[in-house]
Amino acid sequence: MKKKLLSIILSIFMLIPCTLALSACGKTTTISKDRWEQTFKNDTFRFQTDALTLKVTENTFGYNNEFVRLTENNETKYYSYTLSNSSNSFGTLTPIEESAFVYGREYFAPLLNFISDNYKQFKYEKNSIGGNTYHAKLQVPANVKAIISEHGNVDKDEYLFVVQIMSMSGNDFEETGIVVDYVKILDKDYESYNINDRGIIEFRNFGKVYSTYFMEKSLYDIKNLNVDFKVVGGTGTYYTELYFTKNAVRFCTPNVGAESEYVEGIYCLDEGVYTYYKKNKAGQWSSEPVDETIFNTVYTSYFNMFGGKPLIDQNNMRLFRNEVRFSSNEALFGGQSSLQKTYYNNYSLKYDDGIIGGKWNVEIRQDFGDLSVDTGTYIMTVCDVEIDIPTV
């Protein structure tokens, strides 16, 4: 009985290494078919040859001088976009013919779809060429051959395709798990290929490329109040709601002290008249006239100190997942009111073909007595805002 039990235990221990070996070697441990197909159907990627380097998104392609596709009044129009030399102004859109919009996702679709559709033809051999790769020597159809021949300057019926795989984890990545790092297409045999060889065509950064035009446009629109947005957050007595439109700002701080204190205010411009409406904790509204200078000062102060303007003014942005972050982790100065200064920490902007919101913590510092308090997290949302003006 003991021998039989021992044999069972040994068989289990023999089975475990075998199972681990299966999970550590072979195609099942690397990229799945679903993830593979998802990668090559992505609308954003970088494309590179000796003669051409592009970033491609759903509606743009190019570097610096971008080409842009926009839908305006149910009509699709095409432009070239030139960056402005000033961080405070927007670049220039110049109309072009549709035929000039060459390298959109549609142009590369035959080649990317061909790689996607041939998942089963790619072989995974981790140790053979010094990298975690898939490779396949494939006969290519005419439409794929045309793209490779044009940009790779090689006219053949088959090419070596090499797909580099890597494991991504953590919050700083577009995806987690096993993902495609890059694709190389080469005019070589597999046996003579080296992992460091440059492809005649390469693709990189699937899902991690964003449009300069849409980024610049969204920042410009928020900075110049061409879109509405709200900011809500803070804890305890610092809880604050801010609503921004082109001609009005509303603020609400319901957790402040006595009933006689004002907990809500609206500064607005209506038919050329500037007015300040204020409500105390008991719910009573009153109003008083203000001039343009006061209106602009209040609006700018709230936008700077709590509303996110220091983030909107930044230029050193990078895209991580669906968030735009900045290369600096230093606190950003938000502005000063009396003896109090605000600083932004742990900040990011949420991106989806433009800025759609953000998140940050606001720290209030008081130089007198060297006091500091974290008021909590604030959430920005770019959305339609309605500010109801009270009848007083």
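# Y210 and the strands around β21

Student: Which residues is Y210 in contact with, leaving aside its neighbours within four places in sequence?
Tutor: K55, T57, M215, M317, L319 and Y351. Contact means heavy atoms within 4.5 Å.

Student: What kind of model is this?
Tutor: A predicted one, where local features need pLDDT of at least 70, side-chain atom pairs count only at pLDDT 80 or more, and totals for chains, interfaces and linings use all residues. Residues are numbered from 1 along each chain as its sequence is written, and side-chain values use heavy atoms, with hydrogens and water left out.

Student: Where does Y210 lie?
Tutor: In the loop between β11 (201-204) and α5 (212-223). Helices (H or I, at least four residues) and strands (E, at least two) are DSSP runs, numbered from the N terminus. Y210 and E58 are 152 residues apart in sequence, yet their C-alphas are 9.2 Å apart in space.

Student: Why is Y210 called partly exposed?
Tutor: Because its relative accessible area is 21%. Buried means under 20%, exposed over 50%, and partly exposed in between (1.4 Å probe, protein chains only). Of the 392 residues of the chain, 43% count as buried.

Student: Switching to strands. What does β21 pair with?
Tutor: Strand β21 (residues 340-351) runs antiparallel to β19 (residues 323-326), with 2 bridges. It is joined to β20 (residues 332-337) by 5 bridges, also antiparallel. Another 10 bridges join β21 to antiparallel β22 (residues 355-366). Two strands pair if DSSP finds at least two bridges between them.

Student: Which residues stand opposite each other there?
Tutor: V324 faces L349 in β21, and Q340 stands opposite Q366 in β22. Q336 has K341 in β21 as its bridge partner.

Student: And the turns? Which residues take a positive phi?
Tutor: S338, near 60°, in the hairpin of β20 and β21, which has 2 residues between the strands. The hairpin of β21 and β22 has 3 residues between its strands, and D353 there takes a positive phi near 55°.

Student: What about the hairpin of β16 and β17?
Tutor: That one has 4 residues between the strands, and G283 has a positive phi near 95°. Strands β16 (residues 273-280) and β17 (residues 285-289) are antiparallel, with 5 bridges. Y277 stands opposite S287 in β17.

Student: Pockets next. What volume does the second largest have?
Tutor: About 440 Å³. Of its 16 lining residues, T253, Y302, F306, Q340 and I364 are the closest to its centre. On a 1 Å grid over the protein atoms alone, a pocket is an open set of points where a 1.4 Å probe fits, with protein on both sides within 12 Å along at least five of seven lines; lining residues have an atom within 4 Å of a point. Grid points are joined across faces, edges and corners, and a volume is the space filled by probe spheres set on the points.

Student: Which elements give two or more residues to that lining?
Tutor: α6 (292-305) and β21. The largest share, 3 residues, is from α6.

Student: How many residues of each class line it?
Tutor: 9 nonpolar, 7 polar and no charged. Ala, Val, Leu, Ile, Met, Phe, Trp, Tyr, Cys and Pro count as nonpolar, Asp, Glu, Lys and Arg as charged, and the others, Gly among them, as polar.

Student: Last thing. Which element has the lowest mean pLDDT?
Tutor: Helix α1 (residues 2-24), at 34, while β12 (residues 229-233) has the highest, 98. Over residues 1-29 the pLDDT is below 50. Where pLDDT is low, the predicted coordinates should not be read in detail. The chain averages 86, and 87% of the residues score at least 70. pLDDT is the predictor's confidence in each residue, from 0 to 100.
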